[in-house]
Amino acid sequence: MARNEEKAQSMLYRFREAQAAELGLGTRADRRPRMASACKSMRECERWRGEILREISRKVSKIQDAGMTDYEVRDLNDEINKLLREKRHWENQIIALGGANYRRNVAMLDDDGKEVPGTKGYKYFGRAKDLPGVRELFQSRKKEEDEENQALAFYKKFLNQGPSYFGDIDEKDPQILKNENVAEKEAYEEVWSATCETLGLPEDTEVPPRPGSTSTSPSAPSITPSTAKSKRKAVEDESMDPPDSESKRTKIGSSASTSVEHDSSQPAVQAAAAYISFLSPEDLLQPKLPTRAEMEDVLLALRKQALVQEYFGDS
């Protein structure tokens with residue numbers, strides 16, 4: 001009988017050894033570790049990961065066999081998912097040891113560019129997709145995607161609309177502006193009639209002009225050529241006056257502007273007071289704002305009072 005050393009050198013023994021290594025059935029000392037974290041060698045981790053990839057490829061090819069029963073297909077699909085989980089553990093260990101990152105989060109897409117169902121979590125391969133219960137799962141997902149696509153196709157016609165869809169260019173249409181003007185006039189007359197009933201005004205009361213209409217509003221100040229000339233003359237005099245008269249011009253200009261504002265608003269205030277009997281024209285006037293000189297005087301007085309209280313007390 002041949003010795004063990006001679007048997008190890010035979011061609012049949014070498015063939016069986018290579019076949020066992022390919023099938024992942026190595027010797028006990030050369031068997032893949034159960035825990036990936038127990039391996040501290042980068043080269044060994046790469047080796048075991050490559051071995052798992054070969055096993056996955058071999059079993060994915062085997063699951064296409066039409067002669068297998070449903071139970072065998074389920075068991076084989078479970079083994080493939082188990083190998084995928086083990087491969088992920090080895091990839092994490094490779095990253096922990098400073099190696100390459102094989103975990104690329106790239107979604108699997110079909111011919112239409114949609115993500116293939118079952119690419120995350122538990123996966124189905126080959127004949128496992130045609131198993132009872134799995135086929136209905138894929139059909140329900142496809143039905144949901146079809147419904148979403150139909151809804152998207154329905155609302156897609158409302159997307160990327162121009163400014164005409166939102167009415168941004170309606171002001172360029174004279175017919176629309178005419179219809180809006182008529183509707184605003186009718187609404188204004190209705191509000192005015194309701195106001196007359198509330199205040200007890202007679203029916204023959206003149207309707208005040210509508211704000212924003214083409215007619216001139218009584219509250220709008222009218223600028224005459226004489227006032228324009230006087231303004232230009234004041235500007236010329238201001239440029240020729242010495243800087244000592246600046247405060248005087250400020251006081252005169254502020255008082256003049258205030259008087260002009262009150263004078264220009266007097267007709268509107270009187271017209272409004274005629275319709276509202278319980279308010280006087282003085283109540284409807286705009287509040288008079290203090291001038292800059294008056295504000296400076298008030299601040300100066302308050303500062304003097306604070307200094308007096310600080311140095312001499314309240315006495």
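**Figure 1. Overview of the helices in the predicted chain.** Helices, taken as DSSP runs of H or I with at least four residues, and strands, taken as DSSP runs of E with at least two, are numbered from the N terminus. By that definition the protein chain has 10 helices and zero strands, and its elements, read from the N terminus on, run α-α-α-α-α-α-α-α-α-α. This is a predicted model, in which local features need pLDDT of at least 70 and side-chain atom pairs count only at pLDDT 80 or more, whereas totals for chains, interfaces and linings use all residues. Residues are numbered from 1 along each chain as its sequence is written, and side-chain values use heavy atoms, with hydrogens and water left out. Of the 315 residues of the protein chain, 14% count as buried, where buried means under 20% relative accessible area, exposed means over 50% and partly exposed lies in between (1.4 Å probe, protein chains only). Among contacts (heavy atoms within 4.5 Å) in the protein chain between residues at least 6 apart in sequence, 57% join residues at least 24 apart.

**Figure 2. The packing of helix 3 against helix 4.** Helix 4 covers residues 70-96, and helix 3 packs against helix 4 at an angle of about 160°, with the two axes 9 Å apart. That angle makes helix 3 roughly antiparallel to helix 4. The axes are lines fitted to C-alpha atoms, for helices over the stretch in contact, and angles run from 0 to 180 degrees between N-to-C directions; angles under 35 degrees count as roughly parallel, over 145 as roughly antiparallel, 65 to 115 as roughly perpendicular and the rest as oblique. The crossing of helix 3 past helix 4 is left-handed, a term used if the near helix is turned anticlockwise from the far one by less than a right angle, with clockwise giving right-handed. The residues that meet include W48, R49, I52, L53 and I56 in helix 3, and L83, L84, K87, W90 and E91 in helix 4.

**Figure 3. Two buried charged residues of helix 4, K87 and E91.** K87 lies in helix 4 and, at 16% relative accessibility, counts as buried. Leaving aside residues up to four places away in sequence, K87 touches R49, I52, L53 and I56. E91 is also found in helix 4, and its relative accessibility of 3% places E91 among the buried residues. With residues up to four places away in sequence again not counted, E91 touches R49, Y102 and R103.

**Figure 4. Arginine side chains over the rings of W48 and Y102.** The charged end of R49 sits over the ring of Y102, 3.8 Å from the ring centre, while the charged end of R47 sits over the ring of W48, at 4.3 Å from its centre. A charge sits over a ring if NZ of Lys or CZ of Arg is within 6 Å of the ring centre and within 35 degrees of the ring normal.

**Figure 5. The aromatic pairs.** A search of the whole structure finds two aromatic pairs. In one of them, Y122 and Y124 meet edge-to-face, 5.1 Å centre to centre and with 70° between the planes. Y122 is partly exposed, with a relative accessible area of 36%, and Y124 counts as partly exposed at 23%. The rings of F154 and Y155 have their centres 5.0 Å apart and their planes at 85°, so this pair is edge-to-face. F154 is partly exposed at 44% relative accessible area, whereas Y155 is exposed at 52%. Rings of Phe, Tyr and Trp (its six-membered ring) pair if their centres lie within 6.5 Å, and planes under 30 degrees apart count as stacked, over 60 as edge-to-face and the rest as tilted.

**Figure 6. Three loop residues, R34, K129 and S280.** R34 lies in the loop between helix 2 (11-22) and helix 3 (42-62), and at 81% relative accessibility R34 counts as exposed. R34 and E86 are 52 residues apart in sequence, and their C-alpha atoms are 9.1 Å apart in space. K129 has its place in the loop between helix 4 and helix 5 (134-156) and is partly exposed, with a relative accessible area of 37%. Not counting residues up to four places away in sequence, K129 touches Y124, V134, R135 and F138. S280 lies in the loop between helix 8 (246-275) and helix 9 (281-284), and counts as partly exposed at 27% relative accessibility.
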